[in-house]
Every structure is written in structure tokens, then in C-alpha cells.
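Here's a walk through one protein chain, from its overall build down to single residues. Keep the structure open as you read.

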Amino acid sequence: MTVSRVVTIGGGVSGLATACLLARDGHQVTVLEKNNQLGGRAGSWEQDGFTFDTGPSWYLMPEVFDHFYRMMGTTTADHLDLVPLQPGYRIYGQPAGDTTEGPIDVRAGADAAAALFESRERGTGDGIRTYLGSATKTYHAAVRSFLYNPFSSWRDFISAQVLASTPAVLPLLTSTLWAFVARRFADTRLRQILGYPAVFLGTSPFDAPALYRLMSHMDLVDGVKYPVGGFRKFVTSLIEIARENNVELVTGSDVLAITSREGTVRSVEFERDGQRHQLDADIVVSAIDEHHTETVLLENADRSYRPKRWDKQVSGPGVVLIMIGVEGTLPELLHHTLFFSNDWHDNFDAIFGSPGRIPDAPSLYVCKPSATDGDVAPAGHENLFVLVPIPPDTTIGHGGPGWSGDEAVNEVADLAIQQIADWAQIPDLASRIVVRRTVGPADFAKQFNTFRGSALGPAHTLTQSAFFRGVTRSRRVKNLFYAGATSVPGVGLPMCLISAELVLKHVRGDHSPGPLEEP
């Protein structure tokens with residue numbers, strides 16, 4: 001094998017994972033990261049004894065993590081202490097007038113799911129068992145034949161393995177997830193339990209194809225885990241593995257251009273400490289926002305897409321993130337708590353409609369890692385991370401420490417805190433806050449160059465899923481590859497690890513549809 005000089009743009013999870021895999025394969029790899037902290041959107045923030053994860057907070061698809069670590073000659077257990085969460089999460093519904101709903105605790109396992117569904121809608125216990133069995137079948141078909149598939153040529157679409165898996169997948173592309181669920185269950189909360197994973201995919205259950213019912217395998221069958229120390233422990237493990245494999249990690253380096261010569265990638269130009277530098281490369285991996293790479297870093301002749309692609313792209317939601325340290329305990333909240341509004345049509349129309357608007361009573365998410373991890377908050381305090389989906393619109397503004405953010409971001413945060421207090425019956429929540437920080441869509445655009453300030457990249461609609469989503473290999477420039485949430489296969493930490501492996505496959509010339517053989 002020829003040893004190549006590789007430059008990976010972006011030190012987030014996909015960039016670090018790609019660098020690790022290519023370095024272990026014998027290549028000389030440098031990672032250029034714009035910010036001073038590695039990890040990208042899987043970041044962290046500390047203040048006054050509180051430590052917050054500022055991005056991913058659900059540990060799902062454990063076999064993808066296990067496979068990656070084994071590819072690197074190690075194991076998950078060597079790096080992460082995983083704690084199963086049971087219940088996996090709690091749900092609060094929107095009160096009807098003065099009447100509040102009791103919380104719904106969702107446990108993993110077919111028996112637990114059947115008991116929950118039967119308790120709310122008589123006769124649905126067997127129905128959810130059938131639903132989950134099919135979701136598991138679809139999930140395994142997707143992993144085996146589609147998620148790890150580079151689709152390097154038309155032959156990859158008609159391989160025996162892909163054709164064998166197609167019957168489990170193809171029929172689910174003709175219906176939306178919500179329609180698929182609604183035909184089987186009548187209870188609103190049960191429908192929402194099966195539909196909410198679409199939000200993790202950056203889309204609406206009314207637009208996501210029914211294929212994504214496979215997501216229910218992850219939380220309702222496999223269950224949810226938490227890495228003690230937070231997701232920064234996962235990022236730290238990637239950094240350690242990268243260094244062990246002699247990857248050069250360079251932070252504070254803002255890439256300005258990717259250059260080519262005679263149709264082949266040549267170098268990366270970047271700015272560091274006020275100086276412009278050029279780094280020659282045989283291979284370049286863009287592990288940052290695809291739109292930024294295509295429209296800013298590449299010359300017109302080197303771009304894989306025409307400008308109209310970006311006009312038509314459906315962006316995933318923007319978000320307001322709220323990190324709050326709270327005095328006293330909050331038994332009303334579990335490690336994961338979801339707050340579901342009653343009118344999801346209005347809720348998602350507000351976020352994805354044109355023009356977009358901030359929902360009146362958003363369906364929001366709260367993570368309380370202090371329920372599981374004693375080191376993320378001072379004794380006698382709780383650590384809360386709140387995510388409020390909103391339209392992908394940078395004009396909503398920036399957040400900041402305390403109440404220093406823009407007015408619209410602070411208003412969303414204040415209303416969300418009040419909503420949590422009202423729905424979960426914690427009337428003194430706001431008065432107990434001792435640490436607060438917000439993040440808005442403009443922060444995502446500034447820090448990560450995300451298109452329209454989206455937190456998740458392109459929405460997983462039918463035409464933006466799987467091999468329709470984008471390219472993992474440039475159509476114009478040889479040896480230029482793409483990885484990360486805005487590329488294939490999509491959003492989430494497991495998808496970022498898979499996208500790194502897709503780059504490795506391209507470099508090796510491997511066209512196999514499933515995970516690579518482990519050493």
C-alpha cells in the first residue's frame with residue numbers, strides 16, 4: 001500500500017474517527033480544526049463545578065461504537081464506562097387547561113413496551129411487539145447492506161447482499177413515519193413515542209419516510225446507555241487513539257481553500273495565528289459542513305453540486321440550547337425527559353414551514369446527566385441541558401452566558417424553562433438556577449459554519465436520505481472525500497463513525513456493503 005499524506009478538515013467526531021482509521025491503515029494524517037477545542041458539536045462547557053455536554057447526549061447503536069473501537073485494535077470497555085438507563089426516558093404531555101398529565105416512563109424491551117402500550121390503548125400490546133420485531137429486522141437490513149455501503153458504482157446497488165435486504169426496506173419508502181404509526185395506534189402519546197426519533201434525524205415525522213421506524217429498535221429494544229463522564233469521554237478517547245496512531249492534531253486552524261491540479265486534490269490552505277499556510281496533500285477529507293466546503297473552500301470548477309441544490313435543500317431544525325445548573329434536586333426529571341406538545345402538526349409546521357416561526361409550545365428535550373453521574377454537578381445540585389427545536393434561522397441570534405445572549409434566544413430559553421416548570425410541576429425551577437448559558441442558531445453558523453444555522457444538517461427526508469443525501473467522494477476532484485453529519489449516511493454519532501469508515505473504504509477501493517472485517 002502507498003502511504004499518502006492526508007489532511008482532514010475538521011476535528012469533530014467524524015474528522016477524528018476518519019483520521020484514526022486512515023492513520024491505522026498506514027497513512028500520514030493531519031487534522032486541521034478551526035476552533036481551539038476538538039470534538040466539534042460534541043463539545044463541553046464548565047462553570048462553577050458544573051460540566052455540560054453541549055451536543056450529543058443519547059448513546060444508541062452500541063454495535064457501531066464497538067465495531068469502530070475494534071477496528072482501532074481496542075474495545076469500548078477500554079475507554080467508556082457505559083451505564084444502562086432504565087427507564088430510558090420519561091415523557092410529559094402538554095396540560096389540557098388546568099389538567100396535567102402524569103409522566104410516562106418508557107422502559108426498554110418488548111415486554112415493557114407491550115405493557116406500556118396495553119396500559120394506554122387496549123389491544124395494542126401485540127401490535128407493538130409486531131412493530132418492534134419489524135423495526136429490528138429493518139434496522140439489521142439497513143446496517144448490513146446500506147449504512148456502510150459506499151455505493152461507489154451502479155454495481156453496488158445490485159449486489160446480492162443489497163438485493164436480499166431490499167424487501168425489508170423498499171416498501172417503507174412509500175409512506176411517512178407518522179402515517180405508518182397512525183394506522184396502527186390511536187393514542188397520541190404512543191404515536192409520539194414512535195414518531196419522536198424523526199427529530200433526532202433533523203426532520204418531522206410527517207416528512208420522514210416510514211423506513212425510520214427502525215429507530216424504535218434503538219431505544220425500545222436495545223435501550224439507552226450513558227458513558228460516565230459524559231460524551232466528552234468519547235471525544236477524549238478519539239483524541240487519545242489518534243495520538244497513539246501518530247495523527248497530528250492542529251487546532252486554531254481555519255481552512256480557507258482546498259486546491260486541485262489537473263482534477264486531483266493538491267493542498268489545503270489555512271490561517272493560523274494570523275498567518276496563512278499551505279499544506280500539501282495526496283488525500284483531503286472534508287469532515288465539516290458540506291455546504292461550506294462546496295461554496296467557500298472549493299473553486300467553481302471543483303464543486304460537486306450546482307447552486308440550485310442549496311436552494312432546494314431542506315435543512316434540519318435550528319435549536320436553542322440551554323445549559324442550567326440548578327440548586328436542589330429535581331426528582332420530577334429523569335436522565336432523559338421529553339416534553340410533547342399536543343398539536344404536532346402545528347409544532348412541526350412552525351419549524352419546517354415557510355416562513356418558519358418559533359413554536360408556541362415546543363416539543364422539547366431535557367437531559368439531566370446528574371441523575372446518573374455524580375461528577376457533572378456540585379453536591380446538592382442538578383445539571384440540565386435543554387434543547388428547543390426552532391426554525392434554522394440565524395437571525396434568531398446568538399446565545400451567551402447568563403442572560404447575555406440576543407433577545408429572541410433569551411425569550412425562547414425563558415419560555416422553555418417556564419414550560420418545564422409548568423408541565424413537570426416544578427414551580428420554583430427558575431428561581432433555583434445558579435448557572436445559565438444559551439446557544440442560538442447564529443452560534444452554530446459562526447462556530448461550525450453550518451448552513452442556515454442548522455444544528456443537524458440536512459433533514460432526513462426521502463430525497464435526503466441514504467445515497468440521495470450527498471456524496472462521500474467528490475464528483476470533480478480525485479482524492480477529495482466527505483464525512484460527517486451533512487454527508488452520508490447522516491446525523492448522529494454512530495453515523496459519523498460509519499461515514500469515517502466509508503472514507504476508508506473509498507481509499508482502499510473496497511466496495512463491500514457492510515462493515516469492514518475487523519483485524
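The report below starts with the whole protein and then picks out a few places to look at.

## Ground rules

What you're looking at is a predicted model, so local features are described only at pLDDT of at least 70 and side-chain atom pairs only at pLDDT 80 or more, while totals for chains, interfaces and linings use all residues. Residue numbers count from 1 along each chain as its sequence is written, and side-chain values use heavy atoms, with hydrogens and water left out.

## The overall build

The protein comes to 16 helices and 19 strands. Both are DSSP runs numbered from the N terminus: helices are H or I with at least four residues, strands are E with at least two. Along the principal axes, the C-alpha atoms fill a box of roughly 70 × 55 × 45 Å. The radius of gyration is 22 Å, which agrees with the value near 24 Å that a compact globule of 519 residues would have. That radius is taken over C-alpha atoms, and the globule rule is 2.2 Å times the number of residues to the power 0.38.

Of the 519 residues, 60% are buried. Here buried means under 20% relative accessible area, exposed means over 50%, and partly exposed is in between (1.4 Å probe, protein chains only). Now for contacts, meaning heavy atoms within 4.5 Å: among those between residues at least 6 apart in sequence, 71% join residues at least 24 apart. About 20400 Å² of the protein is exposed, with carbon and sulfur atoms supplying 49% of that area; the areas come from the Shrake-Rupley method with a 1.4 Å probe, and for residues only the protein chains shown count as cover.

## A five-stranded parallel sheet

Look for an open sheet with strand order β9-β2-β1-β13-β19 and parallel pairing. Two strands pair if DSSP finds at least two bridges between them. The edges are β9 (248–250) and β19 (480–482), each pairing on one side only. From one strand to the next, the twist averages 20°. Strand β1 (residues 5–9) is joined to β13 (residues 283–286) by four bridges, and valine 7 has valine 284 as its bridge partner in β13. Helix α1 (residues 13–24) packs on the sheet, touching β1, β2 (28–32), β9 and β13, and its direction makes about 170° with that of β2. Helix α16 (residues 493–508) lies across β13 and β19, at about 155° to β19. For these angles, axes are lines fitted to C-alpha atoms (for helices, over the stretch in contact), and values run from 0 to 180 degrees between N-to-C directions.

Isoleucine 283 is a good residue to click on in β13. It is buried, with a relative accessible area of 5%. Leaving aside neighbours within four places in sequence, isoleucine 283 has contacts that include Val6, Val7, Phe481 and Val507.

## The β3–β4 hairpin and arginine 232

Strands β3 (residues 44–47) and β4 run antiparallel and are joined by four bridges, with serine 44 partnered to aspartate 53. In a regular strand, side chains alternate between the two faces of the sheet. In β4 (residues 50–53), Phe50 and Phe52 point one way, Thr51 and Asp53 point the other way, and all are buried.

Which residues does arginine 232 touch, not counting those up to four places away in sequence? They are Ser44, Thr51, Asp53 and Val376. Arginine 232 sits in helix α10 (residues 231–244) and is buried, at 18% relative accessible area.

## Backbone oddities

Most residues other than glycine have a negative phi, and most peptide bonds are trans. Aspartate 48, in the loop between β3 and β4, has a positive phi near 50° and is exposed at 56%. Asparagine 449 also has a positive phi, of about 55°; it is partly exposed, at 22% relative accessibility.

The peptide bond from glutamine 86 to proline 87 is cis, with omega near 5°. Another cis bond joins valine 488 and proline 489, and that proline 489 lies in the loop between β19 and α16.

## Cysteines

How many disulfides does a search of the whole structure find? Zero, where a disulfide is a pair of cysteine sulfur atoms within 2.5 Å. The sulfur of cysteine 367 is too far for a bond, because the closest cysteine sulfur, in cysteine 496, is 18 Å away. For cysteine 496, the nearest cysteine sulfur is that of cysteine 20, at 13 Å.
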